[in-house]
Structures are given as structure tokens and as C-alpha cells.
Amino acid sequence: MLRLAVLFFLSGIAGLIYQILWLRLLSLTFGVTVYAATTVLAAFMAGLGAGSVLGGRLAQRVSNPLLYFGLAELLIGVSALATPMALAAATDLYAAFHASMDVTPALLVALRFLCSLVVLFVPTTLMGASLPLLTRASLDDDTQAGRRVGVLYACNTAGAICGALAAGFYLIGAVGIDASFKAAAAVNAGVGFVAVAASLRRRHGPSLTSESSITTGPIYNERTRRAVLVVFGLSGLTALALEVIWFRLLVLILPATTYAFTTMLAAVLGGIAAGSAAIVPLMRRNRQWPVTLGKLQMGIGVAAVVSMYALAVTYEAGWRTRDTIQASVLAIVPAAFLMGAAFPIGVRIWAAAAGHATGAAARVGTLYAINVAGAILGSILAGFLLLPVLGSRASLLAMAGLQVATGSGLILLTSGSTRTTLRPVAIGMAVWIAAAVLIPDPFTMALTQRHPVGERVLWKEEGLQTSVSVNEGPTGHRVMYLNGLHQANDTPEMVAVHRMIGHLPMLLHPAPSHALVVGLGGGATAGAVAQHGATVDLVELSASVVRGAEWFRHVNDDVVRQPNVMLRVDDGRNHLLLSGRQYDVITADIIQPIHAGAGSLYSVEYFRLARQALKPGGLMLQWIGHREETHYKLIARTFLRVFPDATVWVDGSLLVGSLGPLEISPEVLTRKLADPRVKAAASTVGIPDAASVLRLYTAGPDEIRRFVGDGTELTDDQPLLEYHRSLPPNTAPLDLSGLRGDVSRILPGANQ
């Protein structure tokens with residue numbers, strides 16, 4: 001059994017590495033919207049569920065399940081290595097379908113699901129088959145289905161923790177996605193070879209027969225077993241819904257970095273692994289397991305609300321629960337621990353009726369598949385309905401209440417309405433009701449505690465994609481926060497920065513007729529672009545941000561209502577990939593490169609997509625800002641790789657990419673600024689004439705190349721800024737004194 005547990009532990013490491021890598025790769029094709037992410041997750045889990053059922057049936061038919069487990073692990077490694085190539089083919093197919101038909105939102109979801117399923121189905125199905133096959137192998141010489149599955153489940157989940165931490169904190173940043181695939185495949189290969197070798201050496205006695213009981217306890221009646229099956233379907237639903245809600249709540253008080261999300265995921269997995277391991281020693285005893293399972297289900301709901309109440313109290317008191325690890329552990333682990341403890345008990349009850357090892361393995365597969373099916377529904381329900389409609393507080397209470405109701409129903413169904421059984425039901429419901437009354441709104445709590453003293457909330461919305469709030473400061477200025485992070489404000493200094501990102505490329509291009517702005521934020525950048533009269537495609541990821549920008553109409557010129565502005569709520573990179581549109585100017589609102597998901601907008605591949613979308617003579621502006629030297633040079637070096645004739649402007653804070661050597665005509669600038677509307681708009685950022693535009697020039701491509709030197713670049717494979725802990729620390733302030741060039745090099749005739 002120890003050998004099987006170690007093998008499943010290692011399999012769990014590889015499995016979570018794959019999951020993280022797949023979600024990241026697929027997001028590059030389908031975008032990082034909630035719709036796209038949920039669709040990909042549904043396809044992933046559909047494969048697991050199908051594999052669980054098929055693995056259970058296979059376990060009934062084979063005499064050496066360990067051999068088949070080993071072969072499955074080998075095939076997981078081979079098929080997983082092939083997924084990047086399969087995704088490349090699926091991307092071409094997805095883009096071709098998108099271009100060839102009028103794609104409705106429903107059809108787009110279907111296309112994403114089918115493409116994801118095609119790419120992931122083989123490896124995820126094989127993964128799903130692992131648990132029933134290994135269960136069958138463990139039961140060849142033991143008669144405790146629940147206990148054995150508990151050990152395997154705990155070990156596999158513990159391995160998943162290690163895989164998540166390895167991928168999130170080291171592998172992707174240090175060695176890249178491609179090398180991470182190879183490392184995970186090597187783990188699978190090792191597990192597979194060891195399992196195959198062990199299966200060939202293993203001495204087989206007679207298999208357990210249908211007359212051989214696999215449990216020392218009672219075989220439960222059909223009503224109880226079917227109730228357990230329903231409970232596990234609902235438990236899967238609430239578990240994934242709670243995970244989505246936890247992540248949305250915690251990101252309100254924690255930095256929205258990939259490291260924070262990795263820590264939250266590790267907390268979920270850690271609680272499940274600990275709970276499953278803790279219940280294993282108790283499985284030897286004969287107890288009223290259906291009642292125990294009901295109490296655990298109730299406990300999950302109670303723990304979810306009590307933990308969040310404790311986090312709210314300690315967070316407001318300024319305790320260390322403001323830190324990522326402590327907040328994640330307090331909010332997530334208690335309920336996740338009880339989830340982990342419930343699974344082996346459910347297996348014991350459900351599998352007991354099989355009477356023999358082969359039937360038990362099949363029933364484990366069925367139980368796991370039902371749980372996974374519920375999880376798919378839970379992720380969809382939380383992301384698409386609960387959070388946007390009810391908000392985080394009511395969503396948490398609803399899912400916790402469903403857990404309490406499910407557990408109560410199981411207790412009453414299997415034990416009757418006696419005083420002994422009614423007591424825990426009454427206590428659980430009372431605690432849930434008390435917590436429902438006492439828990440403050442986490443969104444409001446975060447807004448009041450995380451942001452500067454003296455700000456008051458003018459408007460807030462927990463949207464489908466992100467949580468947005470608009471606050472008013474003591475001096476009357478307005479601030480927009482996205483998931484608790486500052487995005488924009490209406491102070492003159494900040495508005496000038498955002499407007500400059502819009503005005504500069506529109507002035508440098510001699511005659512822009514079609515522009516793309518990625519990201520709305522407060523709207524000052526898009527508003528500035530729109531003042532130049534060109535048709536503007538504005539792509540914003542979150543509809544809530546669009547509604548929040550209404551509060552900044554006084555600085556964004558009411559951009560979303562301008563007749564020349566076409567708003568699209570979508571992923572900006574996905575738009576470049578699929579739209580086929582060509583632009584004279586591409587620019588973007590400020591997006592911080594270290595935030596989770598931002599790496600896809602700073603890579604060589606993203607800049608190439610933008611370059612391909614430029615018309616002849618087109619320009620792309622990229623905000624870089626003033627950041628530590630290592631980060632600055634990484635972005636500039638990457639941009640220069642795709643735009644070798646790039647120039648840098650506004651004291652080194654803005655990069656302008658061109659398809660050839662940039663040439664700026666003062667006469668053209670003067671003619672453009674003669675337009676009263678353009679002159680008035682540009683004057684707000686201090687550029688009323690041609691000379692003031694040229695004074696913003698900092699350096700040309702030769703100076704940039706010397707300044708950044710040779711070195712690594714940002715790629716989809718290795719998004720070093722998003723995974724910035726893989727970079728060497730560099731606390732020295734940025735020194736741009738060596739980045740200076742002569743503006744005459746971009747004037748007419750200089751490039752001849």
C-alpha cells in the first residue's frame with residue numbers, strides 16, 4: 001500500500017502542474033474572461049469525470065489493475081507533451097471558424113468547449129481513470145475500501161499541493177512552460193515504469209469474489225446509498241462554487257498576483273489532503289457513517305461562514321490575517337479539511353454494496369464522476385450567476401446554507417427525527433444563521449480597510465469578471481479600484497498620464513483613421529484617442545469597468561457614448577487573434593505587468609500579434625513606466641525584439657513601435673494641431689504645438705539597444721514579470737540618464 005500511495009502522490013504532482021499549464025496556455029487562445037476560463041475548466045473536469053467512469057469499468061474487467069494504472073501514467077505523459085501542439089492546431093481551427101461565421105456568444109462558448117475538450121480529453125480521461133484503477137489494485141489484498149481510498153486520495157491531493165506550488169512559485173518563472181511540461185511528463189514516466197515493473201513482479205493470489213465482503217461494517221440500503229450519491233453531487237457543486245467565491249473574496253484584501261492565487265489553491269488542496277488523511281485511522285471502526293457524513297457536510301457549511309467571520313474580525317483588527325498565507329489558511333482550510341474527510345466516508349458507504357474489489361473500484365469511479373459533474377455545475381453557477389447577481393456575501397451564505405441543508409437532510413433520512421439526530425441539525429442551522437447575521441459584507445470591509453482613510457464609496461459592483469469600486473477621497477478626487485487595486489483617478493497628474501498614452505501615438509501617426517485601445521479603466525486614454533476623429537475599437541475585459549467609467553465622464557469625454565467609438569467587452573489579446581482587423585494605431589490603458597494574467601500582454605507573442613494587426617505605417621504605443629531596472633529592461637528588450645525601430649518618449653515611460661524607421665514631420669504635426677478639437681485636447685497634456693511634441697522624444701532604437709543590452713525576453717513560455725520572484729532582486733532605482741538621443745534622427749530626411 002505504501003508503494004501505491006507514493007506513486008499516487010507523484011501522479012498528483014504531475015497532474016496539478018499540467019492543470020496550471022493547460023489553463024495558462026488555453027487562456028492565451030480563448031482569453032482570460034470568466035466565460036473562457038470556466039469553459040476550459042469544464043472541459044478539463046469533463047475529461048476527469050469520463051475517465052473515472054471508464055476507469056471503474058476497466059477495473060472490473062482486468063486482473064492486474066496496477067499494470068493498467070502504469071500504462072495510463074505513461075500515456076498521460078506522452079499525451080500531455082503533445083497538448084501544446086494540439087492546442088496550436090486547435091487555435092488555427094478556432095480562428096478559422098470564428099472568421100468564417102457569424103459567431104454568437106453561445107456558439108463561441110461551444111467552440112471553446114469543443115476545442116478545449118479535443119486538446120485535453122485524452123490526458124484528462126487517463127487521469128480520471130487512475131483513482132478507480134489504483135483502488136482496485138489496493139483492494140486486491142485489503143478489505144477496507146473507504147480507508148484505502150482515503151489514503152490514496154490524501155496522497156494524491158498532497159502531491160497536487162506540491163505540484164501547484166512548484167508550478168506557481170518556481171517552474172513557470174524559472175524554466176518556462178515547455179520545460180515544465182517535460183518535467184511533469186518525466187514524473188509520469190517514472191510512475192508508469194515503476195507501476196508496470198511492480199505489476200509484473202507482483203504475486204497474485206485469488207481475487208476477491210462477489211461473496212468476499214470489502215467492508216467489516218454493514219451494507220447500507222439502497223435509499224441511503226442513493227442519498228450519498230446525491231450528497232456527493234451537491235458537495236461537488238458547493239465545493240467548486242465555494243472555491244470560486246473564496247478566491248473572489250480574498251483577492252479583495254490580497255494582492256492579485258499569481259503567487260496569491262497559487263497560495264489560495266494550495267490552501268484548498270492542503271485542507272482536503274489533511275482531512276482525508278485524518279479520517280483514515282477512524283475508518284477501521286464501525287460507526288453510523290451516514291450520520292457522520294451528514295455532520296461533516298453540515299460542518300463544511302458552518303466552517304465556511306465561521307471562517308469568513310473570523311477573517312473579517314481579525315482583518316479589521318489589523319491582525320496578521322492581512323497576509324496572504326494567514327488569510328488563505330483561515331478562510332479556506334477549515335471547510336476544505338472537512339471536505340477531505342467526507343470523501344473516504346462516502347466511498348465506504350457507496351462501495352460497500354459491491355461486495356468485492358472489482359465492484360468497489362467501479363463504484364468509486366461512479367462516485368468520483370458524480371462529484372466532478374457537480375463541480376462543473378458549481379463553477380458555472382458561482383461565476384455566471386451567484387457572484388454577479390447576489391454578490392460575494394450572499395453567495396457564500398447560499399452555498400454554505402446548501403451544505404448545511406444537504407447534511408441535515410442526510411442525517412434525518414438515515415436516522416429519523418430523534419432527539420439525538422435533531423440536536424446537531426439544530427446546532428448547525430443556528431450557527432449558520434448567527435454567522436449570516438454577523439458576517440459583514442466582505443466587499444465593503446475590503447473597501448474601507450484596504451484603501452486610504454477618509455475615502456468614501458460612491459459606487460461598487462461585484463461583476464462577472466472583476467470587482468470594481470469608485471471612491472471619493474478627502475479632497476474630492478475620485479479613484480477607481482479593480483479587485484482592490486488602484487487603476488485610475490481623476491487627479492490632474494494621473495489624467496495627464498493616461499491621456500498622453502492616447503494622444504501621443506495619434507499625433508505621431510500622419511493620418512490615423514482606425515485605432516485600437518486595449519482596456520478602458522477610467523477612460524482617459526480611450527477618450528484622448530477618440531478626440532482625433534478616428535474610428536476607435538475599445539476592448540475592455542469587464543462590463544463592470546465600463547459601468548464604473550461612468551463616474552469619470554468629466555475626464556474621459558464620455559468616451560463610451562462617442563459615435564466614433566465601438567465598445568467590445570472581451571479579452572484584448574483574443575480580439576487581436578480573432579478579429580482580423582487592421583489598425584493605424586494600437587495603444588492600451590495602463591496594465592501592471594506583475595498582476596496575475598498580465599504576462600500575456602507583455603510577451604513577444606503579444607507584440608507580434610499587435611504588429612501583424614498594424615496597417616502599413618502603423619504605430620503601437622506601449623506604456624512601460626518607471627520601474628526597477630531589471631523589469632524595465634525586460635519589457636524594453638522584448639518590445640525591441642518585435643519592433644526593432646522602436647523609439648522611447650516622455651522621459652523613458654512610453655515606447656512607440658513602428659514597422660520601419662520612424663519619421664515625424666513638424667509640418668504634419670502643425671497641420672493636425674490646427675484642428676481646434678485636437679489642439680484643445682492635446683493642450684490638456686502640455687502639447688499645443690509641434691515643438692512640444694518633439695520635446696517628448698527621449699531616444700531611438702540604437703540608444704535603447706545599448707541601454708537594455710543582451711539578455712532574456714518576456715515570452716508566453718516564460719512570463720518572467722508575472723512570475724517575478726524568479727528574477728534576481730534589484731532594488732537599485734532606475735537610472736535613465738544614459739538613455740538619450742537626438743530628435744533630429746526622426747525628422748524628415750534623417751533616415752535616407
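Angles under 35 degrees count as roughly parallel, over 145 as roughly antiparallel and 65 to 115 as roughly perpendicular, with the rest counted as oblique. This scheme was applied to a helix pair in the structure, which is a predicted model.

The pair consists of helix α19, spanning residues 604-612, and helix α20, spanning residues 629-642. They pack at an angle of about 40°. Their axes lie 9 Å apart. The two helices are therefore oblique to each other. The crossing of α19 and α20 is right-handed. On the α19 side, the contact involves V604, F607, R608 and R611. These residues meet T638, F639, R641 and V642 in α20. By class, the contact residues divide into four nonpolar, one polar and three charged.

The interior was then examined for enclosed space. The structure holds eight cavities of 30 Å³ or more. The two at the top of the size ranking are described here.

The largest cavity has a volume of about 90 Å³. One run of its lining is T587, A588, D589, I590 and I591. L601, Y602 and Y606 also line the largest cavity, as do L621, Q622 and W623. Two strands, β8 (583-588) and β9 (614-623), each supply at least two residues of this lining. The largest share comes from β9, with three residues. The lining of the largest cavity divides into eight nonpolar residues, two polar and one charged.

The second largest cavity has a volume of about 60 Å³. Its lining includes A488 and N489, followed along the chain by M494, V495 and H498. G522, G523 and A524 contribute to the lining as well. F552, V555 and D589 complete the set. Here a strand and a helix, β4 (485-489) and α14 (492-508), each supply at least two lining residues. The largest share, three residues, comes from helix α14. By class, the lining of the second largest cavity divides into six nonpolar, four polar and one charged.

D589 appears in both linings: it is listed for the largest cavity and again for the second largest cavity. Each of the two linings has one charged residue. In the largest cavity, the leading contributor is the strand β9. In the second largest cavity, the leading contributor is the helix α14.

Conventions: Residues numbered from 1 in each chain as written. Predicted model: local features only at pLDDT ≥ 70, side-chain atom pairs only at ≥ 80, totals over all residues. Heavy atoms only, no water. Axes fitted to C-alpha atoms, helices over the stretch in contact; angles between N-to-C directions. Helix = DSSP H or I, 4+ residues; strand = E, 2+ residues; numbered from the N terminus. Left-handed = near helix turned anticlockwise from the far one by under 90°. Contact = heavy atoms within 4.5 Å. Nonpolar A, V, L, I, M, F, W, Y, C, P; charged D, E, K, R; others polar. 1 Å grid on protein atoms, 1.4 Å probe; cavity = no way out; pocket = protein on both sides within 12 Å on 5 of 7 lines; lining within 4 Å. Points joined across faces, edges and corners; volume = space filled by probe spheres on them.
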